[in-house]
Amino acid sequence: MKNECENMTLYFYGELEPQQAAAFQEHLAHCPHCQREMAFLQQTQQALVPPAAPEQVVQGALAPALAGKGWWRRVFKPALATALVLGAGVFLFISGPFGSRFDDDGQEWMAYISAEADEEYNSFVADFEAFEEKF
Ligand SMILES: [Zn+2]
């Protein structure tokens with residue numbers, strides 16, 4: 001009996017010789033263990049094969065993810081625009097009469113821009129966390 005139980009997976013994936021498969025089918029009819037395993041494998045396979053799912057179900061499952069993406073876009077676009085405007089302002093400022101000390105040092109300039117961007121990002125994260133706490 002134990003050997004037959006070990007054929008369960010092979011049978012499920014159609015890997016048994018016809019004779020072995022027939023023998024296993026007979027075993028399956030009398031073995032609660034194999035019946036449970038078979039039901040489990042069938043459920044797992046159904047869950048793992050997307051084409052078996054109706055399109056509406058798939059779209060319904062994807063909708064929250066897509067909506068979430070849109071939500072992030074709505075939040076991030078203004079934040080990004082603000083960061084760009086600030087960046088342009090900083091650029092105009094440092095390339096103007098007050099910023100001559102940056103002119104010969106691109107790396108210092110980049111570090112300055114990065115620091116500004118980090119600040120902007122951190123304040124955005126803080127806002128977002130405060131926003132989240134309300135729920
Ligand atoms: Zn069995």
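The following exchange introduces a predicted model of a protein chain.

Trainee: What pattern does the protein chain follow when read along the sequence?

Mentor: The protein chain has six helices and zero strands. Read from one end of the sequence to the other, the pattern is therefore written with helix symbols: α-α-α-α-α-α.

Trainee: In which helix is confidence highest, and in which is it lowest?

Mentor: The average pLDDT of the protein chain is 75, and 61% of the residues score at least 70. Among the helices, α5 (residues 55-95) has the lowest confidence, with a mean of 65. The highest confidence, at 95, belongs to α3.

Trainee: Is Gln25 buried or exposed?

Mentor: Gln25 has its place in helix α3, which covers residues 18-30. Within 10 Å there are 11 other C-beta atoms, and a residue with 12 or fewer falls in the outermost class. Gln25 is therefore exposed.

Trainee: How far is the C-alpha atom of Gln25 from that of Tyr11?

Mentor: Along the chain, Gln25 and Tyr11 are 14 residues apart. In space, their C-alpha atoms are separated by 8.6 Å.

Trainee: How far apart are the end C-alpha atoms of α3, and what span should its 13 residues have?

Mentor: At 1.5 Å a residue, the 13 residues of α3 should span 18 Å. The model agrees with this expectation, as the end C-alpha atoms of α3 are 19 Å apart.

Trainee: How many of the 17 residues of α4 are buried?

Mentor: Helix α4 covers residues 32-48, and its end C-alpha atoms are 24 Å apart, in agreement with the expected 24 Å. A residue counts as buried if 20 or more other C-beta atoms lie within 10 Å of its own. Helix α4 lies largely in the open, because its number of buried residues is one.

Trainee: What does Leu80 count as, given its C-beta neighbours inside 10 Å?

Mentor: Leu80 is found in helix α5, and its C-alpha atom is separated by 9.4 Å from that of Glu120, 40 residues apart along the chain. Leu80 has 13 C-beta neighbours inside 10 Å, so it counts as partly exposed.

Trainee: What percentage of the residues of the protein chain count as buried?

Mentor: In α3, the number of buried residues is one of 13, so this helix lies largely in the open. For the 135 residues of the protein chain, the buried share is 3%.

Terms used:
Residues are numbered from 1 along each chain as its sequence is written. This is a predicted model: local features need pLDDT of at least 70, side-chain atom pairs count only at pLDDT 80 or more; totals for chains, interfaces and linings use all residues. Helices (H or I, at least four residues) and strands (E, at least two) are DSSP runs, numbered from the N terminus. The expected span of a helix is 1.5 Å times one less than its number of residues. pLDDT is the predictor's confidence in each residue, from 0 to 100.
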